[in-house]
Amino acid sequence: MPHALMTLTSDQIIGWIAHYFWPFCRIGGFFLIVPILGTRLVPSRVRLLLALTLTLLVAPSIDVMPLVSPLSVEGITIIAQQILIGLVMGFMVQILFQICVIGGQMIAMQNGLGFSTLLDPVNGINVASIAQLYLMSSNLMFLAFNGHLWLIKTLCESFYSLPIGTLGVAPDDLFALVEMGSWLFASGLLVALPAVTALLLVNIAFGVMSKVAPQMNIFSIGFPFTMVFGLVIIWISMTSYLPQFEQFTDETFGHIEALIKRP
């Protein structure tokens, strides 16, 4: 008895392709901008391999998929929406790590170490050495919190709370992303506030000394003393930075959960 030939329709082929292609667009957009995993330190081939591996693991568990051709107008709209969702989720985490950079820049400008810069291999620009110290500490603490695993878990859960379709990120969510800019600068100021306040008191003391004893060359001893005292203040204040960063991380995770909330 001859075997029956299996016939495939165009709708079935499009359905199989779309079942893996739509999740890959969201996952690829996420790995394109997310810190640590999506930085320049991780080669593009490694990021692509991670995105493909995660897509192969997640796609079979997604039941509902739009039967739309990827080359149609509606398909291109879905592609744009999925990439935008991944980019927004990764950008929210990027804002978290920029808090330490802004705080470090404020401290460096206050204690006279603003001229001491290092090449940031992540962003490819020169940043203050103190900001680089805070950035490396944040990366290590984030990995110690298993934040990278939580991000992957949240990304996978987003396919159920925010299904694939033509409706993606709402305008209110984009406006909330813009409002995170003010939260970024306010949080950076909180990170730098202890050191900046202590250095301000030191500068006030030197100002009083220059008025009381004008014959003393305050500037010759004030600048090196301010730098050394600033480093001591940074060393002391690093113990309080851990709970601060943990709070900032919880707030960032809250913003991401609000983004992928169920309608």
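## Exercises on a predicted model

Arg47 is buried, with a relative accessible area of 16%. The model used in these exercises is predicted.

### Exercise 1. Arg47

Task: State where Arg47 lies, and find which residues surround Arg47 beyond those up to four places away in sequence.

Solution.
- Step 1. Arg47 belongs to helix H2, which covers residues 44-58.
- Step 2. The cut-off for a buried residue is under 20% relative accessible area. Arg47, at 16%, therefore counts as buried.
- Step 3. With residues up to four places away left out, Arg47 touches Phe31, Leu32, Leu37, Gly38, Thr39 and Val42.

### Exercise 2. The overall make-up

Task: Describe the order of elements in the protein, its burial and the sequence range of its contacts.

Solution.
- Step 1. There are seven helices and two strands. Read from the N terminus, their order is α-α-α-β-β-α-α-α-α.
- Step 2. The protein has 263 residues, and 42% of them count as buried.
- Step 3. About 14,600 Å² is exposed, and 73% of this comes from carbon and sulfur atoms.
- Step 4. Take the contacts with a separation of 6 or more: residues 24 or more positions apart account for 81% of them.

### Exercise 3. The salt bridge in H5

Task: How many salt bridges does a search of the whole structure find, and why are the partners, Lys153 and Glu157, separated by about one helical turn?

Solution.
- Step 1. The search of the whole structure gives one salt bridge.
- Step 2. Lys153 pairs with Glu157, and their closest N and O atoms are 2.7 Å apart. The cut-off for a salt bridge is within 4 Å.
- Step 3. Lys153 and Glu157 are four residues apart in helix H5, so about one helical turn separates them. An α-helix has 3.6 residues a turn, so residues three or four places apart point the same way.
- Step 4. Lys153 is partly exposed at 46% relative accessibility, and Glu157 is partly exposed at 38%.

### Exercise 4. The buried residues of H5

Task: List the buried residues of H5 and follow the contacts of Thr154.

Solution.
- Step 1. H5 has 15 residues and spans 20 Å from its first C-alpha to its last, close to the 21 Å expected at 1.5 Å a residue.
- Step 2. Its buried residues are Gly147, Leu151, Thr154, Leu155, Cys156, Ser158, Phe159 and Ser161.
- Step 3. Thr154 has a relative accessible area of 4% and is therefore buried.
- Step 4. Leaving aside neighbours within four places in sequence, Thr154 is in contact with Met89, Ile256 and Ile260.

### Exercise 5. The loops on either side of H5

Task: Compare Asn146 and Gly165 by place and by burial.

Solution.
- Step 1. Asn146 sits in the loop between helix H4 (129-144) and helix H5 (147-161). Gly165 sits in the loop between H5 and H6.
- Step 2. Asn146 is partly exposed at 41% relative accessibility, whereas Gly165 is buried at 14%.
- Step 3. Asn146 is not a glycine, yet its phi is positive, at about 60 degrees. Most residues other than glycine have a negative phi.
- Step 4. Gly165 and Ile79 are 86 residues apart in sequence, and their C-alpha atoms are 9.1 Å apart. Not counting residues up to four places away, Gly165 touches Ile78, Gln81 and Gln82.

### Exercise 6. Helix H6

Task: Where does H6 bend, and which residues form the nonpolar patch that includes Val208?

Solution.
- Step 1. H6 has 42 residues and reaches 59 Å from its first C-alpha to its last, close to the 62 Å expected at 1.5 Å a residue.
- Step 2. The bend is at Leu193, by about 50 degrees, and a proline, Pro194, follows within four residues.
- Step 3. Val208 lies in H6, which covers residues 171-212. Val208 counts as partly exposed, at 49% relative accessibility.
- Step 4. Leu200, Leu201, Ile204, Val208 and Val212 form a nonpolar patch on the surface; together they have about 500 Å² of accessible area.

### Exercise 7. Tyr20

Task: Place Tyr20 in its helix and identify its contacts beyond neighbours within four places in sequence.

Solution.
- Step 1. Tyr20 is in helix H1, residues 10-33, and is partly exposed at 36% relative accessible area.
- Step 2. Tyr20 is in contact with Thr55, Leu56, Ala59 and Pro60, leaving aside neighbours within four places in sequence.
- Step 3. Ile62 is 42 residues from Tyr20 along the chain, and their C-alpha atoms are separated by 9.6 Å.

Notes. Residues are numbered from 1 along each chain as its sequence is written. This is a predicted model: local features need pLDDT of at least 70, side-chain atom pairs count only at pLDDT 80 or more; totals for chains, interfaces and linings use all residues. Side-chain values use heavy atoms; hydrogens and water are left out. Patches are made of residues with over 30% relative accessible area and no salt bridge: like charges are joined within 9 Å, nonpolar side chains (Val, Leu, Ile, Met, Phe, Trp, Tyr) within 5 Å. Accessible areas come from the Shrake-Rupley method with a 1.4 Å probe; for residues, only the protein chains shown count as cover. A salt bridge is a side-chain nitrogen of Lys or Arg within 4 Å of a carboxyl oxygen of Asp or Glu. Buried means under 20% relative accessible area, exposed over 50%, partly exposed in between (1.4 Å probe, protein chains only). Contact means heavy atoms within 4.5 Å. The expected span of a helix is 1.5 Å times one less than its number of residues. The bend at a residue is the angle between axes fitted to the seven residues ending there and the seven starting there.
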